[in-house]
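I opened this entry to look up aromatic contacts and pockets. My notes follow in the order I would want to reread them.

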Amino acid sequence: MYQLSINGMTHQEFLTHYWQKKPLLIKGGFTDFEDPLTAEELAGLAMEEAIESRLVTNHEGNWQAHHGPFEDFSKLTDSHSTLLVQAVDHWHPTAAKLLEPFRFIPNWRIDDLMISFSTPHGGVGPHLDQYDVFIIQGQGKRRWRVGLPDPSLKQFAKDKALLQVEQFEAIIDHDLEPGDILYIPPGCPHEGYAVENALNYSVGFRAPDQKDLISSFADHIIDEEVGKQRYSDAGIDVRKSLGEITSEDKDRVRTLLNSLINDESLYSHWLGTFLSQPKHDMDLAPLEDALVADFLEDEIDEEDVIHRAGGVRAMYQLVNSEILLSINGETYHIPEKYLKQIQLLTDEAFFSFNEVKPALTCLEFKQTLTTLINDGLYYIEAWS
C-alpha cells in the first residue's frame, strides 16, 4: 500500500491551506515509489476497445491528438509524443491502489486514475483543468510549470480535441522525480513535458457543473414519474398590465421548482445515484455460479476477504433514519443500525467477511451484499 506524506502536513492542514486554493509541490510524497505497471502494459490497455485513450504528438509545433483504440504505436515516436489512458483504475487492480492514499477527500469527489507515458519533450501543452488533480511522477523525470488562476489567459484549440492556453507566469517550475507529487487546483494553468521517458499518474476529481446537475435531476424526475404538481395562483388580483410576469408569478414558479429539490427522499435518491455513476466502462467479473442470499454464510468463510473492485464508486447518505447506499448508479435502502457495516463497503478497499456478519440478520443488507458480489462490484478472496 502506498503511504502519502504531504510535506509534513496533516490531511486537515493540507485541506485548510491548499485544497482548491493554491498549487503545491510535494517532494517525495511517496518514498521508494514503484510503478504499478509498465509502459508496455499501458500500451496494451490502449489497444482495448472499451478503454478511452489518446496519443498526443507535437512535431515542430504541429500538435495532433489521435484517439484509440490503437492497433500499433508508430505515432509514439522517440520524442515529442504522449500516450494517455483514462480510468486505468477500472481495469488494473494494482494501479487502482494509487487512489487509496487520496481518500481523505470524500469518495464521491474522486473520479479516476489517468496514466500517461511520454517520450522526451512529450506533453499536451499548457492548459487549464476545471477540477483538482494530483500528479504522481513515476518512471523518469518530467518538468512541470504551474501558475495561479488568471482570467485574462486565452484558450485556443491547437487540435479540435486539444485545448491549450497561452504562456503564463509560473510559481512552480521544477523537475519531478519518482515519488514526487504535484497538486493543482481548478483553473491553474500548467504544463508538463518529459525530460526523459516518463510515466505519470493523475488522480482526478469529479466536479459536476450546474448544467450536468440540472439535466440529471430532470431525467430522474421523468424516470420516477414525479413532478406532476401544476402551477396554481388562486387569489390573484386584476392587473393593470396583462403582459407582465410579476415578481409574485416568478416566486410561485420558483416555489414549485424548489418543492422538488426540497423533497428530501427524492433529492437524496437522485444525488446518490448520480454521484455514484462511473463515467467509464469497467472490468467486472460477475460470478458464473451466483451466490444465494439465504445461504451466504454457508458459501463464504468468516476469514475470507471481500474486496471492492477497482473503479467502483461507493457512497452513502443518512436520510430519515435509514441509509441510502449508492454504488455505481444503483441505490439501496438499509436500516441505519447497520451503518458500521455499510462504512466497510464504502470506506475500505477490503474487509473480512466476519466484519459484516452482524448485518446479515438484515434481509436488505444480505440481499444487497449478495447482489454486489454476484455482479462483480465486490469480490471474494479466500483466506489462506
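The domain bounds I use below come from an automatic or database domain assignment. The model is predicted, and I kept that in mind throughout.

**Entry 1: pockets**

I began with the second largest pocket, which has a volume of about 470 Å³. I listed 24 lining residues, and those closest to the centre are Pro93, Arg308, Ala309, Gly310 and Tyr379. Two elements, α3 (93-96) and β14 (305-308), give two or more residues to this lining. By class I noted 12 nonpolar, 6 polar and 6 charged residues in the lining of the second largest pocket. Where does the second largest pocket lie with respect to domain 1 (11-205) and domain 2 (208-227 + 259-383)? Both domains give residues to its lining, so I placed the pocket between them.

I then turned to the largest pocket, with about 1100 Å³ of space. Its lining has 39 residues, of which Arg54, Gln86, Met114, Asp129 and Tyr131 are the closest to the centre. I split the lining of the largest pocket into 15 nonpolar, 16 polar and 8 charged residues. Strands that each supply at least two residues to it include β2 (53-59), β5 (110-118) and β13 (198-205). The largest pocket also takes lining residues from both domain 1 (11-205) and domain 2 (208-227 + 259-383), so it lies between them.

**Entry 2: aromatic pairs**

I searched the whole structure and found 19 aromatic pairs. One of them joins Trp19 and Tyr183, stacked at 5.6 Å centre to centre with 20 degrees between the planes. I checked where the two residues sit: Trp19 is in the loop between α1 (11-17) and β1 (24-26), and Tyr183 is in strand β11 (residues 181-184). They are 164 residues apart, and the pair links distant parts of the chain. Trp19 is buried, with a relative accessible area of 12%. Tyr183 is also buried, at 0%.

I looked next at Phe70 and Phe73, whose ring centres are 5.8 Å apart. Their planes are at 45 degrees, so I logged the pair as tilted. Phe70 is buried, with a relative accessible area of 10%.

Which residues do ring pairs link into a cluster? I noted Tyr2, Phe14, Tyr18, Trp19, Phe30, Phe33, Phe102, Phe104, Phe134, Tyr183, Tyr201 and Phe205.

**Entry 3: charges over rings**

Tyr18, from that cluster, has the charged end of Lys22 over its ring, 5.1 Å from the centre. I also recorded Arg109 over the face of Trp108, at 5.9 Å from the ring centre.

Key:
Residues numbered from 1 in each chain as written. Predicted model: local features only at pLDDT ≥ 70, side-chain atom pairs only at ≥ 80, totals over all residues. Heavy atoms only, no water. Phe/Tyr/Trp six-rings, centres within 6.5 Å; stacked < 30°, edge-to-face > 60°. Helix = DSSP H or I, 4+ residues; strand = E, 2+ residues; numbered from the N terminus. Buried < 20%, exposed > 50% of the residue type's maximum accessible area, 1.4 Å probe, protein only. Lys NZ or Arg CZ within 6 Å of the ring centre and 35° of its normal. 1 Å grid on protein atoms, 1.4 Å probe; cavity = no way out; pocket = protein on both sides within 12 Å on 5 of 7 lines; lining within 4 Å. Points joined across faces, edges and corners; volume = space filled by probe spheres on them. Nonpolar A, V, L, I, M, F, W, Y, C, P; charged D, E, K, R; others polar.
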